[in-house]
Amino acid sequence: MKKIFLVLLIFYSGALFSLETVRVKNAELPDLYLYNGSRLDVMPYDGVIVYVSGTANKRVKLDIKATGAIYLTQGARIENLRAKHSIIRLDRYGEGQFEIGFSLLGENKVSGQYKKQIKYEIEYLN
């Protein structure tokens, strides 16, 4: 009986202290018109927002792993992908958010994969 209790305790404690992405709010870009050589800077508060949940009052770090050229659509390349604050402290409810901004550069001749996932990693800091 004690072994079953210990296993359940370990299972539930791992779920209590896990760090997870709750949801991602995509950037809203109304009236988007880019031409060859044009640039549009999307500020972090208008950009992508990643909502995370975990242990209350813990510090969390976001690492964005963007490799190679990333295209929003054909003719619009994403550059300078960055978080407003790459390290945040979760609130007393264990919730927090990362605000990510970027620049869009208009290109006339585009080659390569148009849709590519942007990988990111979220982890606790000691």
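**View 1. Ser103 and Asp41 meet through their side chains, with a polar contact of 2.6 Å between them.** This is a predicted model, and the first stop is strand S8 (residues 95-106), which is where Ser103 is found. Ser103 is tucked away from the surface: its relative accessible area is 3%, so it counts as buried. Now for the company it keeps. Setting aside neighbours within four places in sequence, Ser103 is in contact with Arg39, Leu40 and Asp41, and also with Arg77, Ile78, Glu79, Asn80 and Arg82. Asp41 therefore shows up twice in this view, as the side-chain polar partner of Ser103 and as a member of its contact list.

**View 2. Leu105, another residue of strand S8, is buried with a relative accessible area of 14%.** With neighbours within four places in sequence left out, Leu105 is in contact with Gly37, Ser38 and Arg39, plus Gly75, Ala76, Arg77 and Glu79. Several of those names may ring a bell: Arg39, Arg77 and Glu79 are contacts of Ser103 too. For a sense of distance, look over to Leu72, which is 33 residues from Leu105 along the chain, with 9.8 Å between the two C-alpha atoms.

**View 3. Glu107 reaches Arg77 with a side-chain polar contact of 2.7 Å.** Here we have left the strand, as Glu107 is found in the loop between S8 and S9. Is this loop residue buried or exposed? Glu107 has a relative accessible area of 18%, and because the cut-off for buried is under 20%, Glu107 counts as buried. Beyond the residues up to four places away in sequence, Glu107 touches Tyr35, Asn36, Tyr71, Gly75 and Arg77. Gly75 and Arg77 are also in contact with Leu105, and Arg77 is in contact with Ser103 as well, which makes Arg77 a handy landmark for hopping between these views.

**View 4. Strands S7, S4 and S9 line up, in that order, as an open antiparallel sheet.** The edges are strand S7 (87-89) and strand S9 (119-124), each pairing on one side only. From one strand to the next, the twist averages 25°. Zoom in on the S4 and S7 pair and you can pick out three bridges, running in the antiparallel sense. One bridge to look for has Val60 facing its partner Ile88 in S7.

**View 5. Arg59 of strand S4 and Leu125 sit 5.6 Å apart, C-alpha to C-alpha.** Along the sequence those two are 66 residues from each other. What does Arg59 contact once neighbours within four places in sequence are ignored? The list for Arg59 is Ile87, Ile88 and Arg89, together with Glu123, Tyr124 and Leu125. Ile88 is familiar from the sheet view, where it is the bridge partner of Val60. Arg59 comes out at 36% relative accessibility, so it counts as partly exposed.

**View 6. Asn57 and Asn80 are worth a look for their backbones: phi is positive at about 60° in Asn57 and near 50° in Asn80.** Neither Asn57 nor Asn80 is a glycine. Where do they sit? Asn57 is in the loop between strand S3 (48-53) and strand S4 (59-65), whereas Asn80 belongs to strand S6 (residues 76-83). Asn57 counts as partly exposed because its relative accessibility is 47%, and Asn80, at 48%, is partly exposed as well. Asn80 also ties back to the opening view, being one of the contacts of Ser103.

**View 7. Arg23 lies over the face of Tyr51, 4.2 Å from the ring centre.** If you go hunting for pairs of aromatic rings instead, the count is zero.

**View 8. Zooming out, the whole chain holds one helix and nine strands.** Starting at the N terminus, the helix comes first and the strands follow. Of the chain's 126 residues, 29% count as buried; Ser103, Leu105 and Glu107 from the earlier views are among the buried ones. Contacts reach far along the sequence too: taking those between residues at least 6 apart, 81% join residues at least 24 apart.

Methods:
Residues numbered from 1 in each chain as written. Predicted model: local features only at pLDDT ≥ 70, side-chain atom pairs only at ≥ 80, totals over all residues. Heavy atoms only, no water. Helix = DSSP H or I, 4+ residues; strand = E, 2+ residues; numbered from the N terminus. Buried < 20%, exposed > 50% of the residue type's maximum accessible area, 1.4 Å probe, protein only. Polar contact = N/O pair within 3.5 Å; in protein donor to acceptor, adjacent residues only side chain to side chain. Contact = heavy atoms within 4.5 Å. Pairing = 2+ DSSP bridges. Axes fitted to C-alpha atoms, helices over the stretch in contact; angles between N-to-C directions. Phe/Tyr/Trp six-rings, centres within 6.5 Å; stacked < 30°, edge-to-face > 60°. Lys NZ or Arg CZ within 6 Å of the ring centre and 35° of its normal.
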